[in-house]
Amino acid sequence: QICNQHNAEAPKLEQAFHRMAQAEPNLDHDISWVLLPSHWAKIVVALISFLCFANSYDGDFVFDDSEAIINNKDLRAETPLGDLWHHDFWGSKLSSNTSHKSYRPLTVLTFRINYLFAGGFYPVGFHVINIILHCIISVLMVDVFSILLGGLQFTNKGRRLNLAPKTSLLAALLFAVHPVHTECVAGIVGRADLLCALFFLLSFLGYCKAFRENKEGHHFSVFWVLVSVLLGAVAMLCKEQGITILGLNAVFDALVINKLNVLEFIQKLIRKDKLLENAGLLRKGLLFRITLLMSGGASILYIRWRIMGTGPPAFTEVDNPASFADSLFVRAINYNYYYSLNAWLLLCPWWLCFDWSMGCIPLIKSVSDWRIIALAALWFCLIGLICQALCSEDSHKRRILTLGLGFLIIPFLPASNLFFRVGFVVAERVIYLPSIGYCILFTYGFTLLSKQAKKKKILAVAVLGILLINVMRCALRSSQWRSEEQLFRSALSVCPLNAKVHYNVGKNLADKGNQSAAIKYYREAVRLNPKYVHAMNNLGNILKERNELQEAEELLSLAVQIQPDFAAAWMNLGIVQNSLRRFEEAEQSYWTAIKHRRKYPDCYYNLGRLYADLNRHIDALNAWRNATVLKPEHSLAWNNMIILLDNTGNLAQAEAVGREALELIPNDHSLMFSLANVLGKSQKYKESEALFLKAIKANPNAASYHGNLAVLYHRWGNLDLAKKHYEVSLKLDPTAPGTKENYNLLRRKLEQLQKKGG
């Protein structure tokens, strides 16, 4: 649809619109910078943005990737596609009280497509898509910056003109190579920010298309305004920040399309002048378009709130300590300090960290804290920029500074703690979009300096130097994101007080089998945060495995005292108590764990082991059966059921359980082995032999497999084959219990047969 304005006004408006480019100062005039054709500029930006992050293409799944991708059932083909619209980003039901409430179904859908095309969890495809997305976004930034810095002007044929080709190229390059973007590009979970930014920019460009002119004069297209709202909704379905584009479109409309003087507007509002007629708001359709944007935004937010279900997510004090401070003064001063840190990351992105929570940034509790200087510096700069944006006599400066501040501040608002509590202190990923505003302000500042400088080439070389340093920093930081070990260790020098950093380094070492080093980092994590229950749990686990049971029990008891609903710690405490032969306490701990996590197959498995030790066979079988119901692929629970039934003489039941297990887990060699033993005792030698051979093929170096197959052949009368497998078993494990005795018995029998034959 096309909304034509009053015919009497059309010629004047058309002339004013045509004069837009000529009336605006040319930002490119004083820049000693190469002028490239538009397509070449975009190719350069694409290549350089690719160069920055190309070395992350073969990185692993790191940090949050495990939960959002590897452990997310929404990526699997067996999960109905409809579930994506009812689950959060991590695969939990939105209606659950434990849900993170981050609703990003379109991002999860792209992960699912990645998974299906790759045929599994192969990170290369995920990383390549992220790199391509950043390149596309950087290329789109050339067009976006040309509008924001040069204004919006179309030819008679409706083609948009780039009135600031040099400055838009510089700003796009600054965006493309900013090191703070590494988390979004090199970390696969950053796909949410990239997709959000893509549709965010498309929404803005779509809104600009609403103002193409034709022979009838100045008009706007309702169709493109609605398309812009729709793209804003899509951006929000990728990440919550996307909704802010609707506010930015309104700001752009007022400043660029309607050339609104904000200060003059406020003064007229205060004086209660005939505002609408004087400002021309109704005449140019601004109020109608803003109504469309606001209505669309309100509808999207309402639907989002209804889907979210149970209200905002619940975060803990360690996630965002300032938000839990009792004093309003402490909360306000720390929030502002966090803003200054975000601003510093944009200005000097040298100290980057995957996580800034848990003691990384101690709370400011007094005005005597020297860090107050950072707040003062931030607000000094912001107030100065705001004053220039409002009061400057240069309308061009007012427009650029206001747009720069708008793109810097408005996309950051969802992360600001002003409207709701967020689950982080500082997060580099959330300044991907606000960096657009930073690039506008930096580029505009550079043009002002170039205008005043006598040696413009020196200034241009300095900016090239900044770009080159940023490219190198991006490449270095991307390499750190390739593996968890490099990523976690890189954070030790940036946030040495962050307990989570030490915890993650310790966990990475423990996963690699280096328990001694892991203990050191876990202990440091607990020292830095004495209430860090996850570090206590993991440290307790390692000490349990090293048979340091007393300290393990102390740590796990403290963990459940601090967090009574910590099911994993209750289960591990039960395992330790079982090892200490305090069976009643162990049983109580297991049931407490199940009380707090009803679907807990591993806990039922350990409870079954406890009952087996106490010769409570029926209880043990019931516990293991519960484990397999909750987790059908729980091989250990199936195995223990088969073995217990075998040992108690229930061969028929053991065989039935074994066959049931193998139907569910057909390639599990341990199950083949256990069922083969049962079949051998039931004198089903042929079937038993087939299963033993299949198990040996899957795991040829298991001495017990060869030893038990040898026993089967021994019983069956295939003495030569029995001798062969006894020898293989003894070669693999010379100390195998019973095998040497059986082998000696077989040898004596063979010698007797040879003597009889002789």
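A residue counts as buried here when its relative accessible area is under 20%. In this predicted model, that cut-off is handy for looking at the cysteines. C353 has a relative accessible area of 0%, so it falls on the buried side.

The cysteines also raise the matter of bonding. A disulfide is a covalent bond between the sulfur atoms of two cysteines. One disulfide turns up in the model, and it joins C360 to C495, with 1.9 Å between the two sulfur atoms. The angle about the S-S bond is -40°, which gives the link of C360 and C495 a left-handed sense. The two partners sit in distant parts of the chain, 135 residues apart: C360 belongs to the loop between α15 and α16, while C495 belongs to the loop between α20 (484–494) and α21 (499–511). Both ends of the link are tucked away, as C360 is buried at a relative accessible area of 12% and C495 is buried at 1%.

What about C353, which is in no disulfide? The nearest cysteine sulfur to that of C353 belongs to C495 and lies 3.9 Å away. A pair has to come within 2.5 Å to count, so C353 and C495 do not make the cut. C474 tells a similar story: C474 is in no disulfide either, and the nearest cysteine sulfur, from C52, is 4.2 Å off. C474 is buried too, at 0% relative accessibility.

Next come the pockets. The second largest pocket holds about 1,400 Å³ of space. Its lining is made up of 48 residues, and those closest to the centre are Y339, S340, A343, W344 and L378. Where does the largest share of this lining come from? Helix α15 is the source, with 11 residues. Helices that each give at least two residues to the lining are α15 (328–347), α16 (372–391), α17 (395–409) and α18 (435–452). Sorted by class, the lining of this second largest pocket has 40 nonpolar residues, alongside six polar and two charged ones.

Further along the chain there are annotated repeats. An unreviewed UniProt entry places the feature "repeat: TPR" at residues 499–532, 533–566, 601–634 and 703–736. Two of these stretches can be described in terms of the model itself. Residues 533–566 are 79% helix and 0% strand, and the C-alpha atoms at the two ends are 8 Å apart. For residues 703–736, the figures are 82% helix and 0% strand, with the end C-alpha atoms 7 Å apart.

Notes: Residues numbered from 1 in each chain as written. Predicted model: local features only at pLDDT ≥ 70, side-chain atom pairs only at ≥ 80, totals over all residues. Heavy atoms only, no water. 1 Å grid on protein atoms, 1.4 Å probe; cavity = no way out; pocket = protein on both sides within 12 Å on 5 of 7 lines; lining within 4 Å. Points joined across faces, edges and corners; volume = space filled by probe spheres on them. Helix = DSSP H or I, 4+ residues; strand = E, 2+ residues; numbered from the N terminus. Nonpolar A, V, L, I, M, F, W, Y, C, P; charged D, E, K, R; others polar. UniProt positions renumbered as here; feature names shortened; annotations may be inferred. Buried < 20%, exposed > 50% of the residue type's maximum accessible area, 1.4 Å probe, protein only.
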